[in-house]
Amino acid sequence: MTKNETMPIIDIIIYIGLFIALYFGALISITLFENRNQLYKKQGVFNFPLVSVLLPCYNEEKEIEEAVASIANLDYPKNKLEIIVIDDGSTDATLARAKILQAKDPRIKVISKPNGGKHTALNLAIPQAKGELIATLDADCRPAKNALKEIIKYLQEPDVWAVTASIKILKPQNILEGVQYAELLVSAFLRKIYSFLGAINVTPGPLTVFKKQVFSIVGLYKKAHLTEDCEMALRMQSKHLKIAHTLDAVVYTKGQKNIKALFRQRIRWYRGFTLNLKDYLPLFNIKQHGNLAVLLFYSFLGPLLSISLATVSAYKIARFSARHISNGWLIRFDFSPFLNFRHLSLVSFNPKPLLFLSIIVLLIIFCYMMLGKWLTFDKTKIKQNIIFYFLFYSFLNASWWFLTGLSIISGKEIKWK
Amino acid sequence: MDMEIASEKKFNGKKYFLTLLFTLLIFGSGFFLSDYITKQHIADLNDLQQNLRTDILSLETQFSILSQAPCSNLNETTLTNELYEISQKLASVGNTLGENHIRFLELKKYYSILEIKHWLLLKKTAKDCKLPMTFIIYFYDDKKTCPKCEDQGYILTYFREKYPFLRIYSFDFNLKLTALDALKSVFRLKEETPIMVINNDVYYGYKNKDELEAILEKYVKLETLEEKETATTTSATSAPKK
């Protein structure tokens, strides 16, 4: 086929993708506008319920002390906090260190069991927890001092059953952490909007607080394709239990430092999310689940869009590069005559609608990121590595979804780490 | 224990319809903005073509009025730059509208006529004012008929930037234009693109950078002329009288 015959098809794909992305952007913007006065809970905490913080650990000897300290130092009445460390059959010194901590602080309880996965660790601890509220925290996460207090404000409402915190990357240093930092800012903002739409689809491990009653209504955690936090949220949604999100309770997590670990983590998440959705198909019923159903459709459409847009963009970039390399070859890579800029002119600017619409979409994402930063009172100086988020994230996301697709088709089981 | 569906979760048809309208507005504004800029480009292109036509006419008139060529007042670089600017703007319009769009083809025809007029005038000027110029008339065709034309075009652009004494005019071989047919018949051209007419000699087929440089050597001493041309263009107004 000639260039003229193939281009419209590619353009049509891009325009459809951009329209869907813009529709999503418009829905988020309108919801934000509708709820602009409800972004924070203004009322204080009336009473402080007993909270049991569950800390499942598997080979976390390097993290456990700091993690326990971050919980013990929370701005919350000391006698209203119970810390349960569950050692899931660690082969390092996790258990020994946990016991030392237990000896120093009577609020700490240590449970040990043979290795069986995170869900088994949590399930062992939940019935033993004394708190009215159950908080789950990953060992590599550090909640901000005010996090629990802010979350409690939401749980005072009778119809709220769980509250998720805004996750941030702890001290982002390299490019990869910068990308994850930007991604989590967007995610913090979007999760707040999703909460207004009653459409939160994950109660993340880094920090979620549940009313203990939730587990008697929906049951304990399941293995759930290694994404028990996603499955729990979907199960709660299927029972119409409201999940809220708070912007002013922040939990810091360590970003994945290398690309391999990041890929492994994302494929686990995306695979788990997809397979869990397959297990909860009735959630797609718009009559029953309204906004949640629409946004779940979007989460299926998202990967397809992401892969097709990234493929088309990669094709265009490759064609552009190949043409310039081939042109360079024609003139033996002597570009010096072009450097005199004698005939440089802005008139060659090609104003296709695609350009404007792509700029609008990028601006929307940028606004989400800045809103995520601003609404969570983030004072971190924006570094240049944020640019990499805009340059590469769409390609990274598309490749995660592509590999997730392959992983699901192959039917091969994957591991946590 | 099954809870009632919460109010925030309920599907609000009105809101989704409003979102659709809002999206259509943004989407439409992208198309509107693009259309507006394209129209501006075409308007600018018309202005530029008008300017060039006036400048060509002005120079032609000077030649007619004066018994001697107005070499002392000659500033052909303005004319040449105008022509390049039009070609770039035309390429941009072509990218937006499509190469076969009727409006684009009209603009291209008009540009081709201006190119021929520019060439005729500059040939005379170069001769009368003894300017060291070499003229290349380049005929190209679409990618299907002439796969090497795009490469040849790029090499010629490179030469145009490298050697300021070169004046290159490119024409679509299949453009239906009587002036262009006349040009083709003057040089008795066969339909074997790419074709280059260097001064009055016709060269068929693709010529790579080294081959083209060797051909140009026959007409001019490239190194010396490059320096000389730089001097000429910087002091074009004080070019020697005939």
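Is Y221(A) buried or exposed? Keep that in mind for a moment, since what we have here is a predicted model, and I would like to go through its aromatic residues with some care.

To take the opening question up directly, Y221(A) has a relative accessible area of 5% and is therefore buried, the cut-off for that term being under 20%. Its ring partner is F215(A), and the two make a tilted aromatic pair, with 5.9 Å from centre to centre and an angle of 45° between the planes. F215(A) counts as buried as well, because its relative accessibility comes to 7%. That pair belongs to a total of 33 aromatic pairs over all chains of the structure.

Staying with chain A, there is also a cluster linked through ring pairs, and its members are F263(A), Y270(A), F366(A), Y389(A), F390(A), Y393(A), W400(A) and W401(A).

Now to the surface, where I325(A), W329(A), F333(A) and F335(A) together make a nonpolar patch of about 460 Å². One of these residues, F335(A), is placed in the loop that runs between α10 (286-330) and α11 (353-375) of chain A. With a relative accessibility of 35%, F335(A) falls between the limits of 20% and 50%, and so it counts as partly exposed.

Finally, in chain B there are two places where a lysine meets an aromatic ring. K184(B) lies over the face of F173(B), at 4.3 Å from the ring centre, while K190(B) has its charged end over the ring of Y204(B), at 5.0 Å from the centre of that ring.

Notes:
Residues are numbered from 1 along each chain as its sequence is written. Chains are lettered from A and ligands numbered from 1 in the order in which they are written. This is a predicted model: local features need pLDDT of at least 70, side-chain atom pairs count only at pLDDT 80 or more; totals for chains, interfaces and linings use all residues. Side-chain values use heavy atoms; hydrogens and water are left out. Patches are made of residues with over 30% relative accessible area and no salt bridge: like charges are joined within 9 Å, nonpolar side chains (Val, Leu, Ile, Met, Phe, Trp, Tyr) within 5 Å. Accessible areas come from the Shrake-Rupley method with a 1.4 Å probe; for residues, only the protein chains shown count as cover. A salt bridge is a side-chain nitrogen of Lys or Arg within 4 Å of a carboxyl oxygen of Asp or Glu. Helices (H or I, at least four residues) and strands (E, at least two) are DSSP runs, numbered from the N terminus. Buried means under 20% relative accessible area, exposed over 50%, partly exposed in between (1.4 Å probe, protein chains only). Rings of Phe, Tyr and Trp (its six-membered ring) pair if their centres lie within 6.5 Å; planes under 30 degrees apart count as stacked, over 60 as edge-to-face and the rest as tilted. A charge sits over a ring if NZ of Lys or CZ of Arg is within 6 Å of the ring centre and within 35 degrees of the ring normal.
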